[in-house]
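Take a walk through this protein, one element at a time. Keep the structure open as you read.

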Amino acid sequence: MKISQLSTFIENRSGRLHAACEALAARGINIHTLCLADSRDFGILRLIVADPPAGKAALEAAGYVAQLTDVLAVEVPDSAGGLARVLATTDEAGLDIEYMYAFSTAPGQQAVVIIRFSDPDRAVAELQRRGLNVVAPVTLLQG
């Protein structure tokens with residue numbers, strides 16, 4: 001149930017995000033969702049792509065340092081309080097969240113939250129035990 005997330009550092013200057021996305025596009029790698037967090041000099045680009053190992057190779061060939069990390073994709077009702085209910089469950093389970101980002105798959109119905117937990121294996125077990133849908137990689141990438 002874990003999903004491989006592709007991460008790379010991006011210099012905080014004009015054209016660098018475009019160049020990274022172009023490196024993926026040139027290899028035919030589709031981006032499903034992404035998050036960019038910046039600081040003064042650089043940003044961390046986190047992506048869920050169709051083929052994470054090929055995405056990593058594409059970025060590295062373009063001169064980027066890239067890594068793959070395990071994250072979870074958790075379904076959340078796309079309504080007021082949906083995320084709060086999921087976070088209440090993670091709190092009850094004592095799960096530590098390092099970061100997260102989200103996207104909607106069917107506005108007004110379902111959203112997906114990508115979450116990096118400090119212990120992804122334990123998080124899968126705890127969330128499923130508590131009735132949350134942890135989306136399988138194949139389901140996420142087809143949706």
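On one side of helix 1, H18 and A26 are exposed. The other side holds the buried residues. Helix 1 spans residues 16–26, and R16, A20, A23 and L24 are buried there. Why do these buried residues line one face of the helix? Seen down the axis of helix 1, they fall within an arc of 95°, so they share one face. That face has several partners. The buried residues of helix 1 pack against strand 1, strand 2 (31–38), strand 3 (42–49) and helix 2 (52–61). Just after helix 1 comes G28, with a positive phi of about 75°.

This is a predicted model, so a word on confidence belongs here. The mean pLDDT of the protein is 92. Of its residues, 96% reach 70 or more. Which elements have the lowest and the highest mean pLDDT? Helix 5 (residues 137–142) has the lowest, at 63. Helix 2 has the highest, at 97. Where pLDDT is low, the predicted coordinates should not be read in detail.

Now turn to strand 1, one of the elements that the buried residues of helix 1 pack against. Strand 1 covers residues 3–11, and Q5 lies in it. Is Q5 buried or exposed? Q5 has a relative accessible area of 0%, so it is buried. The side chain of Q5 makes a polar contact of 3.3 Å with the side chain of S7. Q5 also has contacts beyond its neighbours within four places in sequence. Among them are R46, L47 and I48. Q67, L68, T69 and V71 are in contact with Q5 too. Y99, Y101 and I114 are also on the list.

Helix 4 (residues 120–129) has buried residues of its own: P120, A123, V124, E126 and L127. What covers them? The cover includes strand 4 (66–77), helix 3 (82–92) and strand 6 (110–117). Just after helix 4, G131 takes a positive phi of about 85°.

Last, the cysteines. How many disulfides does a search of the whole structure find? The search finds 0. C21 is in no disulfide, and the nearest cysteine sulfur, that of C35, is 13 Å away. A disulfide needs the two sulfur atoms within 2.5 Å, so this pair does not qualify. C35 is likewise in no disulfide, with the sulfur of C21 as its nearest, 13 Å away. C21 has a relative accessible area of 24%, so it counts as partly exposed.

Conventions. Residues numbered from 1 in each chain as written. Predicted model: local features only at pLDDT ≥ 70, side-chain atom pairs only at ≥ 80, totals over all residues. Heavy atoms only, no water. Buried < 20%, exposed > 50% of the residue type's maximum accessible area, 1.4 Å probe, protein only. Helix = DSSP H or I, 4+ residues; strand = E, 2+ residues; numbered from the N terminus. Polar contact = N/O pair within 3.5 Å; in protein donor to acceptor, adjacent residues only side chain to side chain. Contact = heavy atoms within 4.5 Å. Arc of directions from axis to C-beta. pLDDT = per-residue confidence, 0-100.
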